[in-house]
Amino acid sequence: MDVEKSSSSSFEDLTNAEDTKDIRAAQAATSVSEALAESVAAKVDDDDDNVKKSEEVIAEDDVVEKGVREGYDDEEGVCDILGNKQLIKRIVKKAPESAEHPNRGDLVTIKFTGKLEDGTIVEKEESFQCHVGDFEVIQGLDMVLPMMYVGEQAQLTVDPRFGYGATGLKKETSAETIVPPNANLIYDVELLNYQYEDFKDLKTFDILRKYGSRKKERANYFYKRGEYNNAIHLYRRALDYLDNRDGDPDAEFGKEDLELSNTDSQNLLEDRLIVYNNLAMAQIKIGAFDAALQSVEHVLRCQPNNPKALYRKGRVLEGKADTQGAIKLLQKVAVLEPDNRAVQSDLARLFIKARREEHNEKEMYQKMLGQAKKMEQTTADRQKTPLVDNSKLKLLGFLMGTILVGVAGVAIYRYKY
């Protein structure tokens with residue numbers, strides 16, 4: 001079942017899951033993968049017409065080729081990829097000298113077997129296709145693919161950081177553990193083939209939908225694991241394929257759209273809206289509310305009454321401290337889906353939150369008003385204080401004057417008599 005086809009699906013039930021606790025670690029791991037893929041930049045292939053390369057390009061290719069092939073122990077063909085023993089590659093069978101290696105974004109066909117250290121097989125594929133750098137296999141394997149040549153067989157020792165991490169891997173249909181948490185993995189891999197896909201290879205409905213759906217399903221997998229950054233990356237990659245605009249720079253002006261039937265275009269649109277909805281939820285999980293708002297707006301422009309998009313927009317507005325705006329959207333969702341208990345629960349929570357905010361606002365205004373009155377009273381008291389002091393001084397002066405006059409009179413009287 002598609003995760004967006006039912007409001008009671010397991011994907012939808014994850015909306016109240018805790019946010020990932022270490023997003024920075026995921027970003028760091030992603031950046032390592034990208035850096036490694038880019039560090040083994042593709043050497044330039046000769047065209048069938050034998051176009052001559054410049055001497056500078058040839059020299060650059062030699063450096064790249066040397067960088068990819070070096071770094072191994074000549075006797076055992078072992079390479080510590082990261083230099084920290086967390087990802088080790090050992091060549092079991094070397095590729096022919098004329099063999100080439102894939103680059104980031106290329107479609108590769110591989111054969112692999114993943115095992116635990118005790119030899120238990122956890123996954124096995126005979127002819128698996130994936131795009132390099134798109135997280136369609138475990139990260140350790142994805143990082144090594146650009147360093148392999150067609151026909152090469154290798155054994156990888158993968159640290160949990162680049163495998164299934166502290167979460168491990170469980171079966172989707174049960175709680176049975178396939179890969180325990182923090183387990184080291186050993187992969188036997190063979191690179192069977194790779195293909196650079198040009199725009200002309202992506203101009204059919206079947207290919208676009210196949211790749212788009214595959215990226216979406218892999219993104220759902222990362223979402224359920226709480227790896228929201230990886231999920232966001234793959235949702236965006238899915239959108240790259242679920243589009244009727246091919247982006248071909250060689251296409252004639254005004255003819256960039258693929259020539260699809262109305263039915264095929266509608267199917268791509270529906271898949272694209274599902275991805276936008278899921279993308280918005282992942283962005284909400286990491287607090288990227290502005291980006292999430294843009295994602296749901298893509299859906300609402302085509303389907304103004306889409307309940308999931310309205311619900312997610314309400315979550316976005318709540319995250320942006322617009323509680324009243326969130327309440328209005330969830331009330332609309334409650335009308336569209338009167339039996340949705342999750343929406344009713346969120347509405348009740350938002351009403352309580354709104355009353356609390358209103359109460360706090362009143363208290364704040366009262367405090368501000370009280371402070372203003374207190375300041376006015378203090379000012380009035382200060383203005384009255386000098387008047388009281390002046391009257392006291394006048395009384396004191398009068399008394400002192402009277403005493404002096406009396407003393408002077410007594411002195412005169414004694415002097416005369």
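Good morning. I begin with a single pair of residues: Gly-114 has Glu-123, in β4, as its bridge partner. The model in which we find this pair is a predicted one.

The two strands concerned, β3 and β4, are joined by 8 bridges in the antiparallel sense. Their hairpin has 4 residues between the strands, and there Gly-119 adopts a positive phi near 95 degrees. On β3 we also find the pairing with strand β8, residues 185-195, which is antiparallel and runs over 10 bridges. Within that pairing, Lys-111 stands opposite Glu-190 of β8. How enclosed is β3? Of its 10 residues, 8 are buried, so the rest of the structure largely encloses this strand.

Let me now place these strands in the sheet. The sheet is open and is formed by 6 strands, in the order β1-β2-β5-β8-β3-β4, with antiparallel pairing. Which strands stand at the edges? They are β1, residues 78-80, and β4; each has a single partner strand, so one side of each is left without a neighbour in the sheet. On average, and ignoring direction, neighbouring strands here are turned by 20 degrees against each other. At the β1 edge, the antiparallel pairing with strand β2, residues 87-93, comprises 3 bridges. One example is Cys-79, whose bridge partner in β2 is Lys-89.

I turn to the helices. Helix α4 lies across β3 and β4, and runs at about 140 degrees to β4. Helix α6, residues 262-285, has 24 residues; from first C-alpha to last it reaches 35 Å, close to the 34 Å expected at 1.5 Å a residue. After α6 comes Gly-287, with a positive phi near 80 degrees.

Finally, the aromatic residues. The structure contains 6 aromatic pairs. In one of them, Phe-135 and Phe-222, the ring centres are 6.3 Å apart and the planes stand at 80 degrees, so the pair is edge-to-face. Phe-135 belongs to the loop between β4 and α3, whereas Phe-222 belongs to helix α4, so the pair ties together parts that are 87 residues apart in sequence. Are these two residues buried or exposed? Phe-135 and Phe-222 are both buried.

Another pair is formed by Tyr-223 and Tyr-228: with ring centres 5.3 Å apart and planes at 70 degrees, this pair is edge-to-face. Tyr-223 and Tyr-228 are likewise both buried. In addition, one aromatic cluster consists of Phe-112, Phe-128 and Tyr-187. Thank you for your attention.

Notes:
Residues numbered from 1 in each chain as written. Predicted model: local features only at pLDDT ≥ 70, side-chain atom pairs only at ≥ 80, totals over all residues. Heavy atoms only, no water. Phe/Tyr/Trp six-rings, centres within 6.5 Å; stacked < 30°, edge-to-face > 60°. Buried < 20%, exposed > 50% of the residue type's maximum accessible area, 1.4 Å probe, protein only. Expected span 1.5 Å × (residues − 1). Pairing = 2+ DSSP bridges. Axes fitted to C-alpha atoms, helices over the stretch in contact; angles between N-to-C directions. Contact = heavy atoms within 4.5 Å.
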